[in-house]
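Student: Please pick one part of this structure and look at it closely. Then follow the chain outward from there, and explain each term when it comes up.

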Amino acid sequence: MAFECQEIIGVSEKLKFGLENSCEEQFDSNRVNSEAEIEEVEISELILDSKTKTEKAVSSKPNLEFRSKKGILAACSRKTSNDVFSNCRRSITDLPAALISEILDCLGPKDLGVISCVSTNLYRIASEHHVWKEFYCERWGLPSIPGPLESGLASEKSWKDLFVEREFRSKTFMGRYSIDVLYGHTEAVRTVFLLASAKLIFTSGYDSIIRVWDMEEGLALASSRSLGCTIRAVAADTKLLVVGGTDGFIHGWMAVEGLQHLFDVRAPQNQNTQFRLWEHEGPITSLALDFTRIYSGSWDMTVRLWDRFSRKCLKVLRHSDWVWALVPHDTTLACSSGSDVYVWNTISGNLMTVICKAHVGNVCSLAQSHTGNFLFTGGEDGSIHMFEILDNCIETNVLKVATWVPHSGTVYSLAFEFPWLVSASSDGKLSLIDVRKLLRTGNGASRRSAVKQLDRCSVEAPQRMLHGFGSNLFSVDIGADRIVCGGEEGVVRIWNFSQALEIERRVRALKGIRLENKMRRHKLQLEINSKGGRTDQCTVAAKNISVNGDRSSVWYSKRGMSGKLKA
């Protein structure tokens, strides 16, 4: 008898412990005391009941357990049913705006667009979120005009509007195009440079003359005097134009205020607007500019960093082979030397990492994303590689992301504008590669790597190939809905995709009108149904008629008889 009572008391204590835990998980801490009192009353009832019916203790355990649980849950539900339902009706919009902003900071642009369609409050928070500026700058850099947040003008576009418009424009390279052919060079064109912010194109080559073209009209604006040697590299911004020749010099022009084409390349050499640097001992193969420096690479196996204002050489970076291409970003500089790719720290002059044997043969071309995380290489083997550079302040690691082999000849030139990578090759073809599907879209999920984990077999081929050239395309550039290239033919071609942009805008407007009409019809139908009006007669008729029709009808039997007679 005592054993049975102790056993029942032990079961009750287990029930008490389990139910106390369940109540602690479901309800707030300020109600735990009241729930514990209810549990003790129920458990005491169980103990008294067990003493009066000791001979049926074992058989009554399941019933006791069921009754005790039922009593506890009923008491708990009576106490907190209203609170549970009130908590269920809450949503993310009830959170403070600052907390919602922190949550949205972990989303990508597509997810932010979906969130903004939920409610007016989320639309306002998502549309004004600061992450849109980060999305824009990591893809295309800062715009050429002052941004909306810096200008402080209400009439300016928001960063979200700028991002959506630029993303929309990037899709036009799969649409229609027109080709403008620019004649003027008498020999092969070795280099082209598109300055989209000023709508200018600079070209040069074996004829030693710098030519300036209007990007929209395709007209020749100016041409320089002969510089005496082949020009293999051109770089420019709105303040400075520099070119590099095979004689080892760098010739520069400074912008002239009020001049339509910015640089007075026709004027004779003038110390006020022109300069020449002579420290390289071999042909200049590549040039680049940033806000404070000039970068030059040469076949003398060096890369030189120049002060943009004093025009003095600041650093000399030595390599083991000819330097073919270079791309700077912030405090790093990537250079191709022979078949290797070097990544330097431009402040300290230290070598960060080397990609050995990146291609079979020389690495002839480089391109880089605006964030500097992705590096593209093109080589003599006709292949294109995409690398991700991971710098954790202690060491720099390089991850090979993807490989494409779109060409049968040397890839002489690469140009990148998110998401399109354009390549020009000696086989006379241009390839367009969309790298968007290789990248992650989340903001917070890409702290370590911004690349999806993909198999090599899942990497898509180039989305588009542009043909119609002769052999040897030496240079290509992309920007402002246009692709510019030059080669051995001695002409400059502009692939203009602005026509596709206009068509896409019209298609988008028509889709919006159709969607608006569809929503209006749906709303009208709901109003008719809510007022008890007559339902759609076509819908009723379709429900009444079976799929195969009534085969016993007179019409069907006559049709069958006529068919037999004809047979």
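Tutor: Phe497 touches Thr172, Phe173, Gly175, Arg176, Tyr177, Arg464, Asp481 and Ile483, leaving aside residues up to four places away in sequence. Touching, or contact, means heavy atoms within 4.5 Å. This is a predicted model, in which local features need pLDDT of at least 70 and side-chain atom pairs count only at pLDDT 80 or more, while totals for chains, interfaces and linings use all residues. Residues are numbered from 1 along each chain as its sequence is written, and side-chain values use heavy atoms, with hydrogens and water left out.

Phe497 sits in the loop between strand 28 (492-496) and helix 10. Helices (H or I, at least four residues) and strands (E, at least two) are DSSP runs, numbered from the N terminus. The relative accessible area of Phe497 is 0%, so this residue is buried. Buried stands for under 20% relative accessible area, exposed for over 50%, and partly exposed for what is in between (1.4 Å probe, protein chains only). Ile179 is 318 residues from Phe497 along the chain, yet their C-alpha atoms are separated by 9.0 Å.

Helix 10 comes next. Helix 10 (residues 498-530) packs with helix 9 (residues 159-169) at an angle of about 115°, and their axes are 10 Å apart. An axis is a line fitted to C-alpha atoms, for helices over the stretch in contact, and angles run from 0 to 180 degrees between N-to-C directions. From helix 9 come Val164, Glu165, Phe168 and Arg169, and they meet Leu501, Glu504, Arg505 and Arg508 of helix 10. By type, the residues of this contact are 3 nonpolar, no polar and 5 charged. Here Ala, Val, Leu, Ile, Met, Phe, Trp, Tyr, Cys and Pro count as nonpolar, Asp, Glu, Lys and Arg as charged, and the others, Gly among them, as polar.

Helix 9 also leads to helix 7. In helix 7 (residues 131-140), the residues Val131, Trp132, Phe135, Tyr136, Arg139 and Trp140 are buried. They lie on the same side of helix 7 because they cover an arc of only 145° around the axis; the arc is that of the directions from the helix axis to the C-beta atoms. The buried residues of helix 7 pack against helix 9, helix 5 (109-115), helix 6 (120-127) and strand 22 (411-417). Gly141 follows helix 7 and has a positive phi, near 75°. In helix 6, Leu122, Ile125, Ala126 and Ser127 are buried. Their cover includes helix 4 (97-104), helix 5, helix 7 and helix 9.

Now to the strands. Strands of a sheet pair through backbone hydrogen bonds, either parallel or antiparallel. Two strands are taken as paired if DSSP finds at least two bridges between them. One open sheet has 4 strands in the order 10-11-12-13, with antiparallel pairing. Strand 10 and strand 13 (313-318) are its edge strands, each pairing on one side only. From one strand to the next, the twist averages 15°.

Within that sheet, strand 11 (residues 293-298) is mostly covered, with 6 of its 6 residues buried. Arg293, Tyr295 and Gly297 point one way, while Ile294, Ser296 and Ser298 point the other way. Strand 10 (residues 284-289) runs antiparallel to strand 11, and 5 bridges join them. Ser286 stands opposite Gly297 there, and the hairpin between strand 10 and strand 11 passes through 3 residues. Strand 11 also pairs with strand 12 (residues 302-307), antiparallel and over 5 bridges. Ser296 has Arg304 as its bridge partner in strand 12. This second hairpin has 3 residues between its strands, and Met301 in the turn has a positive phi of about 70°.

As for records, an unreviewed UniProt entry carries the annotation "repeat: WD" for residues 182-223, 277-316 and 356-389. UniProt positions are given in the numbering used here, feature names are shortened, and annotations may be inferred rather than shown by experiment. Residues 277-316 are 0% helix and 57% strand, with end C-alpha atoms 14 Å apart.
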